[in-house]
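Q: Please take a close look at a single part of this model, the packing between helices, and then set it in its surroundings. I would like each cut-off stated where its term comes in.

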Amino acid sequence: MGKRYYCDYCDRSFQDNMHNRKKHLNGVQHDRAKKAWFHSFRDAAAILAEEQTKKPCRKFNLTGQCGFGTSCRFSHMTERDMANLEQQIEDEKCQREEPEKRGMSPERSVSDWLSRREKRQAALNSGRVLEEEEEAAPEHSDIPPHLLSIPDLPPSLLPPPPKGWDQAPCTEWG
Ligand SMILES: [Zn+2]
Ligand SMILES: [Zn+2]
C-alpha cells in the first residue's frame, strides 16, 4: 500500500516513492501541466512584461497567422493588444488599491464588529440577556443582503441568528 502522491498540476496520483516522484516531476507532461497552471494565474502585468521582451513575429504580422501559435517565441500581440493590456493593468491596480469600493462599505470593519461583540458579551455575562435585544436589530442588518440571498448555504456558513447563538461558551465550569 503506502502513501500516494497527488500532483495538483496534473490532477493525478501515484504511489509515493522516490523513483515515481522523480520520474513524474521530471516528465514532460508534468512540466507542461505546471506551466499551464501558472500561466492561468498570471496577471496582465506579467503577460505584458513577457510580450515586451519578445520581438514581433514577422510571419504573424504579415499573414495574420503563425504555425507556432501561443508557443511562438516571437510576440503575436499588436500595438492595440498591448494597449488593451495596459488598460487592464490599470484596472487591476485600482481594484487592489481600493478594495472598499468593491461592495464593502468602509465602516464595516473587524474592530467594529469586535467591539460590538464585546459589548454584547458583557451584557450576556451580567445576566441581562434582554438588554441585547436592542442591539440585535442593527447587528443583524450588518450582513450584506446579497449574502443572505444565497440559497442552500451549508449550516456552517449561515449567519448567526439575530440574538446570537443560544449557548455562550461555558468556560467557568468545573
Ligand atoms: Zn504532475
Ligand atoms: Zn509567431
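A: Axes are lines fitted to C-alpha atoms, for helices over the stretch in contact, and their angles run from 0 to 180 degrees between N-to-C directions. The model is predicted, so that local features need pLDDT of at least 70 and side-chain atom pairs count only at pLDDT 80 or more, while totals for chains, interfaces and linings use all residues. Residues are numbered from 1 along each chain as its sequence is written, with chains lettered from A and ligands numbered from 1 in the order in which they are written.

The part chosen is the meeting of helix H3, residues 44–53, with helix H5, residues 79–97, whose axes come within 8 Å and cross at roughly 150°; helices (H or I, at least four residues) and strands (E, at least two) are DSSP runs numbered from the N terminus. The crossing of H3 and H5 is left-handed, meaning that the near helix is turned anticlockwise from the far one by less than a right angle. On the H3 side the contact (C-beta atoms, placed from the backbone, within 7 Å) is made by Ala-44, Ala-45, Ile-47, Leu-48 and Glu-51, and on the H5 side by Met-82, Leu-85, Glu-86, Gln-88, Ile-89 and Glu-92. Sorted by class, the contact of H3 with H5 has seven nonpolar residues, one polar and three charged, where Ala, Val, Leu, Ile, Met, Phe, Trp, Tyr, Cys and Pro count as nonpolar, Asp, Glu, Lys and Arg as charged, and the others, Gly among them, as polar.

Glu-51, one of the contact residues of H3, is also where an annotated span begins, for UniProt lists residues 51–79 in an unreviewed entry both as "domain: C3H1-type" and as "zinc finger region: C3H1-type"; the positions follow the numbering used here, feature names are shortened, and annotations may be inferred rather than shown by experiment. Residues 51–79 are 34% helix and 0% strand, and the end C-alpha atoms of the span lie 11 Å apart.

In the surroundings of this part, the protein has eight helices and two strands, in the order β-β-α-α-α-α-α-α-α-α from the N terminus on. The strands E1, residues 4–7, and E2, residues 12–15, pair in the antiparallel sense over four bridges, at least two being needed by DSSP for a pair; Arg-4 stands opposite Gln-15, and Tyr-5 has Phe-14 as its bridge partner. Between these strands lie four residues, of which Asp-11 takes a positive phi near 55° although it is not a glycine. Asp-11 counts as exposed because it has 9 C-beta neighbours inside 10 Å, the limits within that radius being 12 or fewer for exposed, 20 or more for buried and in between for partly exposed, with C-beta atoms placed from the backbone.

Lys-35 of helix H2, residues 28–41, is likewise exposed, because 11 C-beta neighbours lie inside 10 Å, and its C-alpha atom is 8.7 Å from that of Tyr-9, 26 residues away along the chain. Over the 174 residues of the protein, 1% count as buried, and residues 24 or more positions apart account for 31% of the contacts with a separation of 6 or more.

Conventions. Contact = placed C-beta atoms within 7 Å.
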